[in-house]
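Reader: Before we discuss the architecture, could you set out the model so that we can go through its domains and chain contacts together?

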Amino acid sequence: MKGFLEYVPGDSLLHRLNPVVKLIGAILFAVACFCTSNLVFLACMLALALAMSASCGMLRATTGLMKAVFVFSLLLAIIQILFTPSGNVLVQLPWGYIGTGSLLAALTTVIRLEAAAIPLFLTFYVTKISDMTNAAVKVLHVPYKYAFTFSSTVHFIPVFLNDMSNIMEAQTARGVEFDQGSILKKIGLMVPLCVPLLVSSVRKTNSAAIAAEVRGFNLRTRESGYKQYPFAARDFLALGLVVALLVCAICLSVLL
Amino acid sequence: MTIEFRDVHASYDENIPILKGVSFTVNDGEFVAFVGTNGAGKSTTMRLMNGLLKPESGEVLVDGVPTTQLKTSELARRVGFLFQNPDSQICCNSVREELLFGFRALGALDEEAERRVDDIIAEFNFNPNDDPFLLNRGTRQLLALASTIVVAPPVIVLDEPTTGLDFRECVKVMDIIRHLHEQGTTVIMVCHDMEVVADFAERVIVMSDGRAVDQGPTFEVLRNRHTLRQASLVPPQIVDISLGLSLMRPDLGSSLVACANTLNEMEAAVAAAAGRPEAARSKPTYATTAPGAEDAFEEGGVR
């Protein structure tokens, strides 16, 4: 999980887009995926998301992400198959049945979640977190305090994952059997380790807050940042494309 | 228990090699220090010893068994590991629970374990009910050390045990480690403090750019300015003084080393008289001359 949500330098089109456009674009892309249940449209969205990821050389990281999202979406899909019967009966169950409609709905859920997640995660890999914060403050007029909270949260995810990894290594070195046994056993062993992780998280957060405070955090305003984030033609084009996708999704959900 | 590295290559990312063919042997009962700059591969070497990292090629043998054939949790019985940051190790709500945790993890919690924990609490002067997370940095480091040694592993690996400690805490930690070594525990330590290395280690392995560039008795290695410069290290003052005196008054330089040897012999005699023959055995004897050392000193210049 090292490098999770961490910026990867590059010079692709996605790297060069305005941070605000990337953020809004990713959100609109995800909204479009949730606006319609048209399987063909969702498959196209997934293909488009993968193409974007390939264009900036992040296909490997995306594959890892897709695996994680797949596990989560599979759980939802199984619940959907077992408890939301629809369509022609395939398997009779004591409490209902598994139907063709349930399978289609489950497949839709999996593809939708995969398609919606990729651009959101990709945004963090192709945008410096400081640029995202500064652009949100400068362009979207988000108060710096909130933007900083958001960026700190994202920044601390890989830090805490790294901490957890270190703690697990230290406990393995003491004889805790993280390196053998079932996943359930490992989860059971991880629970007590939440204490040191929580303690180190609170310590780190406290240190970061004090450091920010002594460097004049409260004096910072929208004008404090020197870097400007002007919109270029490619930004308008990218935003137009995402809006068009959203309109398509809405039309499909209304018409079909 | 011996630890042997045979042409070990290791990395965290396949594109960035960290260890580039490291070979050495740590014999039973030795006190070996690894020195080198940050990024030289010392901590990676330590992680290979207890199986937290497996070699890409070559072999790491613990008592003749390759670590690739053993689980890290199994190796924990043989090789105790003290991490640089005690907060990675500490996970229980009281000092006593923390000390018992190792026995629980190894499935060895019994009356003998309880007794040993009580002994350690008395030896380290801990309050068994204290919350480990509320202790100061030095005491947390001591607790991490105590919870590593309480299960009595035959080998103990210490990754920068004195980092962040004040002088008094540093001396306390190192005295405990020296005592462990005197009782027969093999001690392997990464340390940036060359004075600590000169005072405690019997043998030094110098690492630079993923390779073991020199190894040998502590004073011999620390007098080799060429190697130290290659590893961007500065020798401890005692070595500088000894070599400086050797240049100005060869008789005095040799006398200084002879004094150190006499002191060690006296300490060994006291230990033997007190019924601690293992302590007597652990005292190093320094050579009074090192071939080429004076040349190297002149080359390096007097600081």
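Reader: Into which domains is chain A divided?

Author: This is a predicted model, in which local features need pLDDT of at least 70 and side-chain atom pairs count only at pLDDT 80 or more, while totals for chains, interfaces and linings use all residues. Residues are numbered from 1 along each chain as its sequence is written, with chains lettered from A and ligands numbered from 1 in the order in which they are written. With bounds taken from an automatic or database domain assignment, chain A is divided into domain 1 (1-140 + 228-256) and domain 2 (142-221).

Reader: Which helix gives the largest share of the side of domain 1 of chain A that touches domain 2 of chain A?

Author: The C-alpha centres of domain 1 and domain 2 of chain A lie 27 Å apart. Their contact (C-beta atoms, placed from the backbone, within 7 Å) takes 13 residues from domain 1 of chain A and eleven residues from domain 2 of chain A. On the domain 1 side, the largest share, five residues, comes from a helix (a DSSP run of H or I, at least four residues, numbered from the N terminus), namely α6 (residues 129-138) of chain A.

Reader: Which element of chain A gives the largest share of the side that touches chain B?

Author: In this interface, 19 residues of chain A are in contact with 19 residues of chain B. Two elements of chain A, α7 (144-173) and α9 (194-214), give two or more residues to that side. The largest share, seven residues, comes from α7(A).

Key: Contact = placed C-beta atoms within 7 Å.
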